[in-house]
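Let's take a walk through this structure together, starting from one pair of residues and working outward. Keep the view open beside you as you read.

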Amino acid sequence: MDVLNKKSVEDIDVAGKRVLVRCDFNVKMENGVITSDKRIVASLPTIEYLINHNARVILCSHLGRPKGEFNPEFSLAPVAVRLSELLGREVKMAKDVVGESAKELAANLKDGEVMLLENVRFHKEETKNDPEFSKALASLAEIYVNDAFGSAHRAHSSTTGVADYLPAVCGFLIQKEIAFIGGALANPKRPLVAILGGAKVSDKIGVITNLLDKVDTLIVGGGMAYTFMKSLGYSIGTSICEDDRVEDAKKMMEDAKAKGVKFLIPVDNKVGKEYKPDTEAMVVDSDNLPDGWMGLDIGPKTQALFCDAVKDAGTVIWNGPMGVSEWDNFASGTIAVAKAVAESGAISIIGGGDSAAAVQKLGFADKMSHISTGGGASLEFLEGKDLPGIVALNDKD
Ligand code: AMP
């Protein structure tokens with residue numbers, strides 16, 4: 001799949017056309033009140049572009065897991081209210097997804113007007129990518145735009161199936177994900193450095209395997225590093241470890257050597273007595289980790305080693321914290337690396353989920369080139385998998 005060759009909203013004439021836009025409005029809500037409108041704000045560039053180009057805009061999204069039936073708790077109505085405040089214009093809310101209300105509102109939309117369908121997951125057919133449901137969704141519109149990167153790894157009706165029946169292009173959010181993540185994998189500015197952290201090796205084996213063919217340097221920190229250290233024969237005390245992945249870890253380091261990839265793991269660690277924020281702590285070298293202690297952050301020598309590797313990078317891909325960065329006592333490694341990435345001048349790409357949250361919380365968000373809007377989707381993209389929501393889009397001529 002040549003992901004870099006997909007059509008976007010800018011490659012298609014939308015004036016006067018009914019355009020179905022799959023957004024990611026899966027916002028955080030408590031008792032019907034939106035607690036973070038970040039995802040709605042992120043969707044604005046595509047929606048505003050369509051309004052300004054006189055399209056008739058039909059938005060759709062999922063919200064939570066309503067299990068295939070109508071449930072007011074998962075209604076997108078609060079999103080329509082917030083979106084209309086942000087756009088400064090009315091957003092008409094349909095009472096259903098492909099029923100009479102949706103059809104009537106869609107048929108009567110005028111140029112530049114906006115409506116929102118109800119939660120696509122009110123139909124069990126959505127997650128089954130049912131062709132009849134996809135066809136019903138498609139019949140509301142003349143063009144399909146996918147801008148929900150966070151759901152692009154799912155082959156559902158509204159993310160994939162609908163593209164069988166309509167010209168299909170991406171919005172600006174997906175376009176940016178493709179340009180940065182796809183660009184870094186296909187044609188990176190070198191040296192390409194990948195930094196992987198977080199709790200589990202098993203979550204990232206696919207990513208490491210794919211990246212070993214592409215990167216110049218691979219850095220492993222965080223909890224997952226202890227499985228690698230164990231594979232080298234180090235004692236790791238009570239550090240988090242996946243015993244069934246020790247052989248995989250060993251093999252990955254051997255592969256890196258064979259491929260000429262520099263592979264860095266922590267040389268020292270900040271260890272704690274117990275898994276709690278205010279536990280007694282000290283710094284020890286990796287070959288001297290005492291029994292009864294657990295590694296909860298990288299140590300100062302490792303910070304220097306990792307930051308040095310990042311300094312001259314052309315591109316950095318980062319996914320996963322270097323320690324338990326939620327706790328101030330064990331956040332220094334993640335902060336140091338975030339700072340080094342921000343100051344490196346490299347194209348910096350931060351995976352979604354925990355790493356994106358850490359970078360945001362630590363105040364480095366606006367210094368990164370790209371923070372992915374999809375956790376699972378960005379991991380699958382980095383694993384080299386085809387994302388169905390992107391594959392389904394039309395190629396440029
Ligand atoms: P992930 O979801 O795989 O990116 O992992 C993120 C989680 O990894 C965060 O909640 C961190 O607290 C956790 N983590 C990072 N380093 C360690 C460590 N050394 N020991 C235990 N958990 C860790």
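Which residue in β13 does Lys270 stand opposite? The partner is Val283. Bear in mind as you look that this is a predicted model.

That pair opens the door to a small piece of architecture. Strand β12, residues 268-272, pairs with β13 in the antiparallel sense, over five bridges. Step back a little and you will find an open sheet of three strands, in the order β13-β12-β14, with antiparallel pairing. Because β13 (281-285) and β14 (294-298) are at the edges with a single partner strand each, one side of each has no neighbour in the sheet. From one strand to the next, the twist averages 40°.

Now look for the helix that goes with these strands. Helix α9 lies across β12, β13 and β14, and runs at about 40° to β14. The helix covers residues 300-311, twelve in number, and spans 16 Å from its first C-alpha to its last, close to the 16 Å expected. Its buried residues are Thr302, Gln303, Phe306, Cys307, Ala309 and Val310. Viewed down the axis of α9, these buried residues fall within an arc of 155°, so they line one face of the helix. A general rule helps here: an α-helix has 3.6 residues a turn, so residues three or four places apart point the same way.

Finally, turn to the nonpolar cores. The largest has 69 residues, and Leu117, Leu218 and Phe228 have the most contacts inside it. Helix α5 (residues 172-186) gives this core its largest share, five residues. Beyond its close sequence neighbours, within four places, Leu117 touches residues including Leu20, Ile58, Met93 and Leu140. Another core, of 29 residues, lies apart from that one, with Val19, Leu44, Tyr49 and Leu83 among them.

Technical notes. Residues are numbered from 1 along each chain as its sequence is written. This is a predicted model: local features need pLDDT of at least 70, side-chain atom pairs count only at pLDDT 80 or more; totals for chains, interfaces and linings use all residues. Side-chain values use heavy atoms; hydrogens and water are left out. Helices (H or I, at least four residues) and strands (E, at least two) are DSSP runs, numbered from the N terminus. The expected span of a helix is 1.5 Å times one less than its number of residues. Buried means under 20% relative accessible area, exposed over 50%, partly exposed in between (1.4 Å probe, protein chains only). The arc is that of the directions from the helix axis to the C-beta atoms. Two strands pair if DSSP finds at least two bridges between them. Axes are lines fitted to C-alpha atoms, for helices over the stretch in contact, and angles run from 0 to 180 degrees between N-to-C directions. Contact means heavy atoms within 4.5 Å. A nonpolar core is a set of buried Ala, Val, Leu, Ile, Met, Phe, Trp, Tyr and Cys residues joined through side-chain atoms within 4.5 Å.
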